[in-house]
Amino acid sequence: DGTLKLKSTVSSGGTLPISVCVNNDLVFVVNSTTANICGFKLGWDGSLTKIDGSEKSLSDVSAAPAQISFNPWGNGLLVTEKVTNKISAFAIDANGVVTDSQVNNSVGQTPFGFALARDKFMIVSNAIGGAAGESTCTSYENLYLDLNDVNGTVANHQSAVCWVATAKYGRYAFVANTGSNNLNTYYIAPNGALYYLPWTKAAAGSKPADLTVSGNNLFVYNINGGDHTITEFKRSFLGRLQPIGTITSIPDFAAGIACF
């Protein structure tokens with residue numbers, strides 16, 4: 001009937017869960033204050049059971065993680081660390097037990113949000129501490145433990161780039177620039193190389209945050225934390241985003257957005 005029903009409440013293995021990811025019956029969170037990850041088994045009824053051996057620390061307690069996600073094959077986890085400028089990678093077995101880990105140096109400063117593309121690349125935003133006009137993005141490959149960047153940092157000349165969403169077939173990455181109040185697009189080449197498309201800058205609302213691509217791959221939506229709106233775009237030629245409307249009066253503390 002559409003009513004939410006609480007099935008279980010389980011400790012996240014730390015303090016202040018900041019990001020969550022799901023792959024089949026495995027659920028992982030990354031905790032901000034304690035800078036660690038923890039995994040759960042998802043039951044058929046929606047209940048969660050903590051997985052022994054799934055709790056692991058990030059590179060440092062000061063890491064300030066931004067996002068956690070499974071890699072494209074579901075046998076690893078990736079976590080961006082804003083303060084330490086690291087990307088932590090964890091190998092997991094079929095039961096969600098962490099079997100190995102690797103701390104990678106981020107190519108760009110303040111690695112923040114990321115999305116996967118072409119089933120083998122990780123497109124990461126680099127907020128550069130919010131410095132005006134200095135934001136970049138980086139494409140990584142070998143998404144298991146020892147990550148490799150494809151073509152370094154690619155500037156978009158905006159401020160405080162934060163969140164990333166990729167098109168269905170992985171050819172484009174859309175990023176939200178919180179400090180510049182706009183979105184823009186990168187092209188992702190078949191080899192994973194990233195290219196900024198300067199003609200794609202599109203005005204958003206105040207302090208754009210998370211964004212998502214529609215299930216039919218035709219539209220992009222972003223949530224704006226400053227004026228509590230959702231901006232709607234239709235995808236156009238060569239990565240352009242055409243504004244088609246704005247949804248107002250969303251809850252003040254709404255932060256994430258997903259589309260199916």
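**Exercise 1. Place F253 in this predicted model and decide whether F253 is buried or exposed.**

Step 1. Locate the residue. F253 lies in the segment after β21 (241-247).

Step 2. Apply the cut-off. Exposed means over 50% relative accessible area.

Step 3. Classify. F253 has 81% relative accessibility, so F253 counts as exposed.

Step 4. Add a distance. F253 and Y169 are 84 residues apart along the chain, and their C-alpha atoms are separated by 32 Å.

**Exercise 2. Work out how strand β15 is covered and which strands pair with β15.**

Step 1. Count the buried residues. β15 spans residues 172-177, and six of the six are buried, so the strand is largely enclosed by the rest of the structure.

Step 2. Split the strand by face. In a regular strand the side chains alternate between the two faces of the sheet. On one side of β15 sit Y172, F174 and A176; on the other sit A173, V175 and N177. Both faces are covered.

Step 3. Take the partner β14. β14 (residues 161-166) pairs with β15 in the antiparallel sense, over five bridges. T166 stands opposite A173. The two strands form a hairpin with five residues between them. In that turn, G170 has a positive phi of about 75°.

Step 4. Take the partner β16. β16 (residues 182-188) is antiparallel to β15, with six bridges between the two. Here A176 stands opposite L183. This pair is also a hairpin, with four residues between the strands. N181 in the turn has a positive phi of about 60°.

**Exercise 3. Repeat the analysis for strand β8.**

Step 1. Check the cover. Of the seven residues of β8 (residues 86-92), six are buried, and the strand is mostly covered.

Step 2. Take β7. β7 (residues 76-81) and β8 run antiparallel and are joined by six bridges. E81 has K86 as its bridge partner. Four residues lie between the strands of this hairpin. N85, in the turn, has a positive phi of about 55°.

Step 3. Take β9. Seven bridges connect β8 with β9 (residues 98-105), in the antiparallel sense. A89 has Q102 as its bridge partner. The hairpin has five residues between its strands. G96 in the turn has a positive phi of about 90°.

**Exercise 4. Give the strand order of the open sheet of four strands and find its edges.**

Step 1. Read the order. It is β10-β11-β12-β13, with antiparallel pairing.

Step 2. Find the edges. β10 (111-117) and β13 (148-155) each have a single partner strand, so one side of each is left without a neighbour in the sheet.

Step 3. State the twist. It averages 20° from one strand to the next.

Step 4. Look at one pairing. β10 and β11 (residues 121-126) share five bridges in the antiparallel sense. F114 stands opposite V124 in β11.

**Exercise 5. Find the salt bridges and say how accessible their residues are.**

Step 1. Count. The whole structure has two salt bridges.

Step 2. Take K41 and D25. Their closest N and O atoms are 3.6 Å apart. K41 lies in β3 (residues 36-42) and D25 in the loop between β1 and β2 (26-31), so the pair ties together parts that are 16 residues apart in sequence. K41 is at 28% relative accessibility and D25 at 33%. K41 counts as partly exposed, as does D25.

Step 3. Take E55 and K50. Here the closest N and O atoms are 2.5 Å apart. E55 is partly exposed at 35% relative accessibility, and K50 is partly exposed at 33%.

**Exercise 6. Classify the aromatic pair F28 and F70.**

Step 1. Set the scene. The structure holds five aromatic pairs.

Step 2. Read the geometry. The F28 and F70 rings are 6.0 Å apart centre to centre, with 85° between the planes. Planes over 60 degrees apart count as edge-to-face, and F28 and F70 form such a pair.

Step 3. Place the partners. F28 is in β2 and F70 in β6 (residues 65-70). The pair links distant parts of the chain, 42 residues apart.

Step 4. Check burial. Buried means under 20% relative accessible area. F28 is at 0%, so F28 counts as buried. F70 is at 5% and is buried.

**Exercise 7. Describe the nonpolar surface patch that includes V20.**

Step 1. List the members. The patch is formed by V20, V22 and L42.

Step 2. Give the area. Together they have about 240 Å² of accessible area.

Step 3. Place V20. V20 is found in strand β1 (residues 17-23).

Note on methods: Residues are numbered from 1 along each chain as its sequence is written. This is a predicted model: local features need pLDDT of at least 70, side-chain atom pairs count only at pLDDT 80 or more; totals for chains, interfaces and linings use all residues. Side-chain values use heavy atoms; hydrogens and water are left out. Buried means under 20% relative accessible area, exposed over 50%, partly exposed in between (1.4 Å probe, protein chains only). Two strands pair if DSSP finds at least two bridges between them. Patches are made of residues with over 30% relative accessible area and no salt bridge: like charges are joined within 9 Å, nonpolar side chains (Val, Leu, Ile, Met, Phe, Trp, Tyr) within 5 Å. Accessible areas come from the Shrake-Rupley method with a 1.4 Å probe; for residues, only the protein chains shown count as cover. A salt bridge is a side-chain nitrogen of Lys or Arg within 4 Å of a carboxyl oxygen of Asp or Glu. Axes are lines fitted to C-alpha atoms, for helices over the stretch in contact, and angles run from 0 to 180 degrees between N-to-C directions. Rings of Phe, Tyr and Trp (its six-membered ring) pair if their centres lie within 6.5 Å; planes under 30 degrees apart count as stacked, over 60 as edge-to-face and the rest as tilted.
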